Amino acid sequence: MISYVVESIIKYLNQGISINPFFLVFFVGFFVQWLKVIIDLFKYRKFRFHHFFSSWWFPSFHTGLSSSVTMLVLLEYGFDSVLFVVVAAFSLLFAYDAMNLRFQTGQHAYLINKLRFELQWLFSKENKDTSWKLKERLWHTPLEVLWWFIIWSLLTYILYYLFYL
(Lines give C-alpha, C1' and ligand atoms only; values in the text may rest on other atoms or scores of the structure.)
Protein backbone atom coordinates (compact mmCIF):
# COMPACT_ATOMS: atom_id res chain seq x y z
CA MET A 1 0.00 0.00 0.00
CA ILE A 2 2.82 2.38 0.82
CA SER A 3 4.39 1.75 -2.56
CA TYR A 4 1.05 2.56 -4.23
CA VAL A 5 0.85 5.88 -2.38
CA VAL A 6 4.47 6.72 -3.25
CA GLU A 7 3.91 5.80 -6.92
CA SER A 8 0.73 7.91 -7.03
CA ILE A 9 2.56 10.90 -5.58
CA ILE A 10 5.45 10.51 -8.03
CA LYS A 11 3.01 10.15 -10.94
CA TYR A 12 1.14 13.26 -9.77
CA LEU A 13 4.37 15.29 -9.48
CA ASN A 14 5.61 14.12 -12.90
CA GLN A 15 2.48 15.48 -14.56
CA GLY A 16 3.49 18.99 -13.52
CA ILE A 17 2.11 21.24 -10.87
CA SER A 18 -1.64 21.04 -10.90
CA ILE A 19 -4.23 21.25 -8.17
CA ASN A 20 -7.26 19.08 -7.68
CA PRO A 21 -10.43 21.21 -7.28
CA PHE A 22 -10.77 20.00 -3.69
CA PHE A 23 -7.26 21.19 -2.87
CA LEU A 24 -7.91 24.52 -4.56
CA VAL A 25 -10.91 25.21 -2.31
CA PHE A 26 -9.07 23.75 0.69
CA PHE A 27 -6.14 26.09 0.05
CA VAL A 28 -8.41 29.15 -0.06
CA GLY A 29 -10.07 28.10 3.22
CA PHE A 30 -6.64 27.43 4.77
CA PHE A 31 -5.44 30.84 3.60
CA VAL A 32 -8.54 32.54 5.09
CA GLN A 33 -7.83 31.00 8.49
CA TRP A 34 -4.11 31.90 8.40
CA LEU A 35 -5.02 35.45 7.47
CA LYS A 36 -6.87 35.73 10.79
CA VAL A 37 -3.68 34.83 12.64
CA ILE A 38 -1.63 37.28 10.53
CA ILE A 39 -4.12 40.12 11.12
CA ASP A 40 -3.95 39.45 14.86
CA LEU A 41 -0.17 39.47 14.70
CA PHE A 42 -0.15 42.99 13.24
CA LYS A 43 -3.15 44.32 15.15
CA TYR A 44 -2.38 43.02 18.66
CA ARG A 45 1.30 42.14 18.24
CA LYS A 46 0.49 38.65 19.53
CA PHE A 47 0.64 35.30 17.83
CA ARG A 48 -2.78 33.75 18.50
CA PHE A 49 -2.71 30.36 16.83
CA HIS A 50 -6.09 29.43 18.31
CA HIS A 51 -7.69 31.99 15.96
CA PHE A 52 -6.76 29.64 13.13
CA PHE A 53 -9.57 27.39 14.37
CA SER A 54 -12.08 30.16 15.05
CA SER A 55 -15.06 30.92 12.85
CA TRP A 56 -16.12 34.23 14.32
CA TRP A 57 -13.38 36.62 13.40
CA PHE A 58 -12.52 38.58 10.31
CA PRO A 59 -12.16 37.56 7.44
CA SER A 60 -15.18 35.34 7.09
CA PHE A 61 -14.45 31.65 6.59
CA HIS A 62 -18.06 31.25 5.43
CA THR A 63 -17.55 33.76 2.65
CA GLY A 64 -14.11 32.45 1.72
CA LEU A 65 -15.20 28.87 1.24
CA SER A 66 -18.53 29.62 -0.42
CA SER A 67 -17.08 32.18 -2.85
CA SER A 68 -14.26 29.82 -3.76
CA VAL A 69 -16.66 26.98 -4.54
CA THR A 70 -18.94 29.34 -6.47
CA MET A 71 -16.09 30.67 -8.60
CA LEU A 72 -14.76 27.17 -9.23
CA VAL A 73 -18.17 25.92 -10.38
CA LEU A 74 -18.59 29.03 -12.55
CA LEU A 75 -15.23 28.38 -14.23
CA GLU A 76 -15.88 24.66 -14.72
CA TYR A 77 -19.55 24.58 -15.74
CA GLY A 78 -20.47 28.12 -16.78
CA PHE A 79 -22.97 30.70 -15.70
CA ASP A 80 -26.02 28.94 -17.15
CA SER A 81 -25.54 25.55 -15.46
CA VAL A 82 -27.89 24.24 -12.80
CA LEU A 83 -24.94 23.39 -10.57
CA PHE A 84 -23.80 27.02 -10.59
CA VAL A 85 -27.29 28.18 -9.58
CA VAL A 86 -27.35 25.72 -6.67
CA VAL A 87 -23.88 26.72 -5.47
CA ALA A 88 -24.64 30.44 -5.84
CA ALA A 89 -27.85 29.99 -3.83
CA PHE A 90 -25.93 28.30 -1.03
CA SER A 91 -23.30 31.06 -1.14
CA LEU A 92 -26.04 33.64 -0.68
CA LEU A 93 -27.36 31.60 2.24
CA PHE A 94 -23.89 31.55 3.80
CA ALA A 95 -23.56 35.32 3.29
CA TYR A 96 -26.97 35.83 4.88
CA ASP A 97 -25.85 33.73 7.83
CA ALA A 98 -22.60 35.66 8.18
CA MET A 99 -24.45 38.98 8.20
CA ASN A 100 -27.92 38.58 9.70
CA LEU A 101 -28.33 35.39 11.69
CA ARG A 102 -25.03 35.86 13.47
CA PHE A 103 -25.92 39.53 14.09
CA GLN A 104 -28.95 38.36 16.05
CA THR A 105 -26.76 35.93 17.99
CA GLY A 106 -24.47 38.85 18.87
CA GLN A 107 -27.46 40.86 20.10
CA HIS A 108 -28.45 37.97 22.35
CA ALA A 109 -24.88 37.76 23.68
CA TYR A 110 -24.97 41.50 24.43
CA LEU A 111 -28.18 41.18 26.44
CA ILE A 112 -26.94 38.09 28.29
CA ASN A 113 -23.68 39.87 29.15
CA LYS A 114 -25.60 42.90 30.39
CA LEU A 115 -27.91 40.76 32.51
CA ARG A 116 -25.05 38.71 33.95
CA PHE A 117 -23.10 41.87 34.76
CA GLU A 118 -26.08 43.39 36.58
CA LEU A 119 -26.71 40.19 38.49
CA GLN A 120 -23.03 39.95 39.43
CA TRP A 121 -23.19 43.44 40.96
CA LEU A 122 -26.37 42.49 42.79
CA PHE A 123 -24.89 39.43 44.52
CA SER A 124 -21.20 40.25 44.81
CA LYS A 125 -20.01 43.84 44.84
CA GLU A 126 -16.33 42.94 45.42
CA ASN A 127 -15.92 40.60 42.49
CA LYS A 128 -15.83 42.44 39.15
CA ASP A 129 -14.67 39.52 37.00
CA THR A 130 -15.63 39.86 33.34
CA SER A 131 -13.79 36.80 31.98
CA TRP A 132 -17.13 35.07 31.47
CA LYS A 133 -18.31 37.56 28.83
CA LEU A 134 -19.77 36.13 25.65
CA LYS A 135 -18.49 37.39 22.30
CA GLU A 136 -20.83 40.07 21.01
CA ARG A 137 -19.33 40.74 17.56
CA LEU A 138 -20.00 37.54 15.67
CA TRP A 139 -21.21 38.93 12.36
CA HIS A 140 -19.88 40.71 9.31
CA THR A 141 -21.29 43.81 7.67
CA PRO A 142 -22.69 43.50 4.13
CA LEU A 143 -19.73 45.50 2.80
CA GLU A 144 -17.25 43.16 4.51
CA VAL A 145 -18.98 40.11 3.06
CA LEU A 146 -19.04 41.63 -0.42
CA TRP A 147 -15.38 42.71 -0.22
CA TRP A 148 -14.14 39.31 0.94
CA PHE A 149 -16.41 37.50 -1.53
CA ILE A 150 -14.67 39.39 -4.33
CA ILE A 151 -11.18 38.80 -2.91
CA TRP A 152 -11.65 35.05 -2.41
CA SER A 153 -13.28 34.69 -5.82
CA LEU A 154 -10.31 36.43 -7.43
CA LEU A 155 -7.86 34.23 -5.50
CA THR A 156 -9.72 31.13 -6.70
CA TYR A 157 -9.73 32.49 -10.27
CA ILE A 158 -5.97 33.10 -10.17
CA LEU A 159 -5.19 29.71 -8.62
CA TYR A 160 -7.48 28.01 -11.12
CA TYR A 161 -5.64 29.47 -14.10
CA LEU A 162 -2.18 29.06 -12.56
CA PHE A 163 -2.39 25.51 -11.24
CA TYR A 164 -5.57 23.76 -12.32
CA LEU A 165 -5.67 24.18 -16.10
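**Warm-up: the overall fold**

The protein chain has five helices and zero strands, where helices (H or I, at least four residues) and strands (E, at least two) are DSSP runs numbered from the N terminus. This is a predicted model, in which local features need pLDDT of at least 70, side-chain atom pairs count only at pLDDT 80 or more, and totals for chains, interfaces and linings use all residues. Residues are numbered from 1 along each chain as its sequence is written, and side-chain values use heavy atoms, with hydrogens and water left out.

**Exercise 1.** Work out what share of the 165 residues in the protein chain is buried.

*Solution.* Begin with the cut-off: buried means under 20% relative accessible area, exposed over 50%, and partly exposed in between (1.4 Å probe, protein chains only). By that rule, 32% of the 165 residues are buried.

**Exercise 2.** Compare the span of α2 with its expected span.

*Solution.* Step one: α2 has 24 residues. Step two: the expected span is 1.5 Å times one less than the number of residues, which comes to 34 Å for α2. Step three: from first C-alpha to last, α2 reaches 35 Å, close to that expectation. Just after the helix comes R45, with a positive phi near 55 degrees.

**Exercise 3.** Find the residues of the largest nonpolar core and the helices that supply them.

*Solution.* A nonpolar core is a set of buried Ala, Val, Leu, Ile, Met, Phe, Trp, Tyr and Cys residues joined through side-chain atoms within 4.5 Å. Here the largest one has eleven members: L24, V25, V28, V32, L35, L72, W148, W152, L155, L159 and Y160. Helices α2 (21-44) and α5 (142-164) each give at least two of them. Now zoom in on L155: beyond its neighbours within four places in sequence, L155 is in contact (heavy atoms within 4.5 Å) with V28 and F31. Turning to cover, the buried residues of α2 lie under elements including α3 (61-77) and α5.

**Exercise 4.** Decide whether S67 is buried or exposed, and list what it touches.

*Solution.* First, place S67 in helix α3. Next, check accessibility: S67 counts as buried because its relative accessibility is 0%. Finally, setting aside residues up to four places away in sequence, S67 touches S91, W148, F149, W152 and S153.
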